[in-house]
Amino acid sequence: MASFRAFLNSPVGPKTTHFWGPVANWGFVAAGLADMNKPPEMISGNMTAAMCVYSALFMRFAWMVQPRNYLLLACHVSNETVQLYQLSRWARGQGYLAPKKDEAATE
Amino acid sequence: MANPKLQALWNHPAGPKTIHFWAPTFKWGLTIANILDSAKPPEKLSYPQQSALASTGLIWARYSAVITPKNWNLLSVSFAMSVTAMYQLSRKIQHDLSTKNQEVAIEEE
């Protein structure tokens with residue numbers, strides 16, 4: 001109970017914007033997860049590639065900002081993972097990555 | 001040799017030698033990507049993604065004003081991102097409403 005109260009009152013806790021900014025960014029992760037099973041034609045190559053660079057930069061930002069923001073860091077690590085996966089799905093759909101079927105056929 | 005004002009900018013705590021500069025600068029890339037996607041047909045837009053962009057943009061505009069160092073670049077780009085996302089949302093909603101009306105009209109015939 002005491003540690004929970006400490007969290008509530010911390011400088012990066014839920015009474016501050018340092019908490020809600022990163023919470024809002026988890027929306028990107030949720031959106032990415034929701035879009036995981038959509039057909040690759042619906043994925044925006046522009047947006048997904050931009051997100052990959054964006055999350056990489058913001059991982060560093062979260063580390064360097066005052067106060068240091070681990071919640072934001074966790075969010076961008078997750079988003080990077082999800083967006084890289086979506087990017088690979090898009091690339092495969094566009095024919096940029098060799099389909100796995102060909103590798104099995106040539107063996 | 002260098003203009004002192006330029007030097008001050010170069011050495012600023014949120015200046016080009018720091019992540020506080022490049023992270024928000026790149027966020028403009030996200031905004032521009034979204035603007036480029038205005039050319040896409042509304043069926044291809046993603047409700048979850050655009051809603052996330054719109055809401056985080058607004059919250060981050062607030063966040064940028066209270067972190068150390070205060071980051072006006074991040075504030076402006078977050079707000080711009082939110083506006084482009086709201087535009088995309090309105091495009092998709094309008095499209096979905098009009099196709100729904102068309103379907104209803106066809107059924108009624």
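**Exercise 1. Show why H2(A) and H3(B) are roughly antiparallel to each other.**

Solution. The model is predicted, so local features need pLDDT of at least 70 and side-chain atom pairs pLDDT 80 or more, while totals for chains, interfaces and linings use all residues. Residues are numbered from 1 along each chain as its sequence is written, chains are lettered from A and ligands numbered from 1 in written order, and side-chain values use heavy atoms, without hydrogens and water.

Step 1. Locate the helices (DSSP runs of H or I, at least four residues, numbered from the N terminus): H2 of chain A spans 17-34, and H3 of chain B spans 47-64.

Step 2. Their axes (lines fitted to C-alpha atoms over the stretch in contact, with angles from 0 to 180 degrees between N-to-C directions) come within 9 Å and cross at roughly 165 degrees.

Step 3. Angles over 145 degrees count as roughly antiparallel and those under 35 as roughly parallel; H2(A) and H3(B) are therefore roughly antiparallel.

Step 4. The contact (heavy atoms within 4.5 Å) includes Trp20(A), Pro22(A), Phe28(A) and Ala31(A) of H2(A), and Leu53(B), Ile59(B), Trp60(B) and Tyr63(B) of H3(B). By class, this contact has twelve nonpolar, seven polar and one charged residues. Here Ala, Val, Leu, Ile, Met, Phe, Trp, Tyr, Cys and Pro count as nonpolar, Asp, Glu, Lys and Arg as charged, and the others, Gly among them, as polar.

**Exercise 2. Determine how H3(A) and H2(B) are directed relative to each other, and describe the contact of H3(A) with H2(B) by residue class.**

Solution. Step 1. The axes of H3(A) and H2(B) come within 9 Å and cross at roughly 160 degrees.

Step 2. These two helices, H3(A) and H2(B), are therefore roughly antiparallel to each other.

Step 3. On the side of H3(A), the meeting residues include Met47(A), Met51(A), Tyr54(A), Phe58(A) and Phe61(A); H2(B) offers, among others, Trp22(B), Phe26(B), Leu30(B) and Leu36(B). The contact of H3(A) with H2(B) divides into 17 nonpolar, four polar and two charged residues.

**Exercise 3. Which direction does H2(B) take relative to H4(B)?**

Solution. Step 1. In chain B, H2 covers residues 19-36 and H4 covers residues 72-108; their axes come within 9 Å and cross at roughly 15 degrees.

Step 2. This angle makes H2(B) roughly parallel to H4(B).

Step 3. Phe21(B), Trp28(B) and Ile35(B) are among the residues that H2(B) brings to the contact, and H4(B) brings, among others, Leu74(B), Val77(B), Met81(B) and Gln88(B). The contact of H2(B) with H4(B) holds ten nonpolar, eight polar and one charged residues.

**Exercise 4. Describe the largest cavity by its volume and its lining.**

Solution. Step 1. A cavity is a set of points on a 1 Å grid over the protein atoms alone where a 1.4 Å probe fits but cannot get out, and lining residues have an atom within 4 Å of a point. The structure holds one cavity of 30 Å³ or more.

Step 2. The largest cavity has a volume (the space filled by probe spheres set on the points, joined across faces, edges and corners) of about 190 Å³.

Step 3. Nineteen residues line the largest cavity, and those closest to its centre are Asp35(A), Met42(A), Ser44(A), Ser46(B) and Gln49(B).

Step 4. Two or more lining residues come from each of H2, H3 and H4 of chain A and H3 of chain B. The largest share, three residues, belongs to H2(A).

Step 5. The lining of the largest cavity has six nonpolar, eight polar and five charged residues.

Terms used
Parallel < 35°, antiparallel > 145°, perpendicular 65-115°, else oblique. 1 Å grid on protein atoms, 1.4 Å probe; cavity = no way out; pocket = protein on both sides within 12 Å on 5 of 7 lines; lining within 4 Å.
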